[in-house]
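Reader: I am new to this structure and would like to learn how to read its features one at a time. Could you take me through it slowly?

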Amino acid sequence: MRLFRLAKILRISVRYGLDEMILEHESSGRLVALTRMFFFWRRFTAPPAERLRLALESLGPIFVKFGQVLSTRRDLLPADIADELAKLQDRVPPFSSELALAEIAKAYGRPASEVFAEFNATPVASASIAQVHFARLHAEDGGFDVAVKILRPSMRDVIAHDLGLLDTFAGLLEKVWADGRRLRPREVVAEFAKYLYDELDLMREAANCSQLRRNFAGSNILQIPEVYWDFCTPTVMVMERMRGIPISQTEALVEAGIDLPALSRAGVEIFFTQVFRDGFFHADMHPGNIFVATDPAHHGSYIALDFGIVGTLTDVDKNYLAQNFLAFFRRDYKRVALAHVEAGWAPPDTRIDEFEAAIRAVCEPVFDRPLREISFGRVLLRLFQTSRRFNVEIQPQLVMLQKTLLNIEGLGRQLDPELDLWKTAKPFLERWMNEQLGWRAFVDGIKREVPNWARTLPQLPRLVHQSLAQPAPVDPTPLLAQIAATQRQQNALLGLIALLLLALLLARYFF
C-alpha cells in the first residue's frame, strides 16, 4: 500500500513541479538542472505557492490538514506560501451510510436501531477525520436530540502510511535545502502527527468538550454541548445537538436580531478568558465550527463545536503572555524585549535597545486603527521576521495560540470591521493581571498552600531533630589528597611501562 501511495505522491509532485521547488534549494544547483533536462516538456504558469496548495488538495485529506497546520508556522515559511496554504479547506465527501451504520454496530456491539430511537443516515457534516449524523436517544435514556460523530473507517492505517511518507520527505528536505535544518521539517511533522493522532481518539475529544463546558458553566456568551458519556467510544462520540446560525451567515444573524458588534466583543472576551483564566482553549475556531444561538434562553451567545484540537498553556506561559500583551497595549516595547530575554527565548547577549526598536517598528503602526485596517497575519509575519533576526526561538506550545488568534481576526473582520481589539482586550488583561499579582492573588495563594502547611507543620519538630542529630559533615580534603597521590603513582607506573615497551621495540629493531 505504501508503494502505491508513494507512486501517487511522486506522480502528483511531478505534475505540479514540487520536485523542482525542493531541489532548487540544493546548493550546487546540479539536481534542479538535471530535473529540468529530464522533464523538459513541463511549463508552469501558476506561482509555486499555488502549485503547492493544489498538490496538497490532490493528495487527500491528511496532506490538506498538514498544509493547514503548516500555514500557521509563519516563523518557518515565506509569506506567499503561508498565505496560500491558509486557503486549504477540508472538502471531503462523506463516507456511505452503510459504513456509518457498520461503525456504530462495531462500536456498540448492536445495530443503530437498538442504540437510538431515531438515526438519520444522511450526514450533516463531513471532514477528513469524521462525519456527523443527527439522532435521538430512546426515552429510557432521556429522549434527547443528539449529534453522533463517527470516525472514518481505517483512518489510522491511512494516517500511519502518510505520516511515514511525510517524515521521509522532511528528512530529504533537511539534506537538500541549505536552510532545511533551521526550518526543522521533521519536528513540524512530529508536531502534526501528535495533533492528528489526538483527533483519532473521540474519547479524548469528548473529554476536551466536557472540560470546556465545565470552564464555561453558567456563561451567557458561550455554549458548549453536553457529552453523553454512556454512548461515547474511541470511534463514536455522542453529544447534545446544538441549534443555531453559522457565524459566517451574517445576513441571517442580522435578521435574527443579533447585535454583531456585541458578538465580536464577546468573541474577544471568550478568547482571552480561555487563554489567561483557564490556560485551555479551543484551537480550531474557524467559522465552520462556530454557531450563534437564537433561542430565547441563549440569544446571541456563541456555540462552539469540534474539540479535536485544543491548546494548553502553563501558568508560566500565561503570565509571560499577559505581561507581553499588556506591554504591547501600553506601548512599552522595552518591557517586551526584556521579557523575551528573561524567558530565555532570546539570547542573553541580545542588544535590548535594538530589539526594542525593531518591535516598535512592527507594532506602532497598528495602534488606534480599526480592525479592518489591521492584518494580524502581516503583523505576525513581521514579528517572526524580527524574531529570526534576533535569533528568538518560537515556542511550540504557542503555535496553536497563534493559529487561534488568526481565526479570531477572521471572525472579527466578518462581524464588526470597526472592532478595536486593543481597547476591547486591555481592560480584561489588566483585571487578570491584578488578580494574578495583586492582593487577591496573595490571598488565593495562601488558600492554596494552607493544606500543604497543615501536613508539614506537625512534622516540623521531627525534621528539625533529625537535622540536628546528623553527624558533622566529614572534611573531604584528606580523602581528595589521598586520591590525588594514588593517581600520581598510577601515572608514574604507566609512564615506566611505556618506556619499557619502547625500549623493547627499539632493541628488537636494532638487534
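Author: Let us begin with how helices are named, since the first case depends on that: helices are DSSP runs of at least four residues, numbered from the N terminus. Please keep in mind throughout that this is a predicted model. With that naming, helix α7 is followed by G109, whose phi is positive, near 75 degrees.

Reader: How does the expected span of α7 compare with the distance between its end C-alpha atoms?

Author: The expected span is 1.5 Å times one less than the number of residues in the helix. For the twelve residues of α7, residues 97–108, that should give 16 Å, and the end C-alpha atoms are 17 Å apart, which agrees.

Reader: Which residues of α7 are buried, and which are exposed on the other side?

Author: A residue counts as buried under 20% relative accessible area and as exposed over 50%. In α7 the buried residues are A100, E103, I104 and Y108. Seen down the axis of α7, these buried residues fall within an arc of 115 degrees, so they line one face of the helix. E98 and K106, on the other side of α7, are exposed.

Reader: What do the buried residues of α7 pack against?

Author: They pack against α8 (112–115), β1 (116–119), β3, β4 (145–151) and β6 (236–240). Strand β3 also holds Q131, which is buried, with a relative accessible area of 0%. Among the residues that Q131 touches, not counting those up to four places away in sequence, are A100, P94, F95, V148 and K149. In addition, the side chain of Q131 makes a polar contact with the side chain of H133, at 3.0 Å.

Reader: Which residues does the UniProt annotation "binding site" cover?

Author: The annotation, which comes from an unreviewed UniProt entry, covers V124, A125, S126, A127, S128, I129, A130, Q131, V132 and K149. Although they span 26 residues in sequence, no two of their C-alpha atoms are more than 14.4 Å apart, so they gather at one spot. One of the covered residues, S128, is found in the loop between β2 (125–126) and β3 (130–137), and at 1% relative accessibility S128 counts as buried.

Reader: Where does UniProt place the feature "active site", and is that residue buried or exposed?

Author: The unreviewed UniProt entry places this feature at D284. D284 lies in the loop between β8 (280–282) and β9 (290–292), and D284 is buried, with a relative accessible area of 11%.

Reader: How many disulfides does a search of the whole structure find?

Author: A disulfide is a pair of cysteine sulfur atoms within 2.5 Å, and the search of the whole structure finds zero. Take C209 as a case: the closest cysteine sulfur, in C232, is 8.8 Å from the sulfur of C209, too far for a bond. C232 is likewise in no disulfide. As for their surroundings, C209 is buried, with a relative accessible area of 0%, and C232 is buried, with a relative accessible area of 10%.

Reader: What separates the C-alpha atoms of Y320 and V336 in distance, and where is Y320 found?

Author: Separation along the chain and separation in space are two readings to set side by side. Y320 and V336 are 16 residues apart along the chain, while their C-alpha atoms are separated by 9.7 Å. Y320 is found in helix α15, residues 315–329, and at 10% relative accessibility Y320 counts as buried.

Technical notes
Residues are numbered from 1 along each chain as its sequence is written. This is a predicted model: local features need pLDDT of at least 70, side-chain atom pairs count only at pLDDT 80 or more; totals for chains, interfaces and linings use all residues. Side-chain values use heavy atoms; hydrogens and water are left out. UniProt positions are given in the numbering used here, feature names are shortened, and annotations may be inferred rather than shown by experiment. Helices (H or I, at least four residues) and strands (E, at least two) are DSSP runs, numbered from the N terminus. Buried means under 20% relative accessible area, exposed over 50%, partly exposed in between (1.4 Å probe, protein chains only). Contact means heavy atoms within 4.5 Å. A polar contact is a pair of N or O atoms within 3.5 Å; within protein, one must be able to donate a hydrogen and the other to accept it, and residues adjacent in sequence count only if both atoms are side-chain atoms. The arc is that of the directions from the helix axis to the C-beta atoms.
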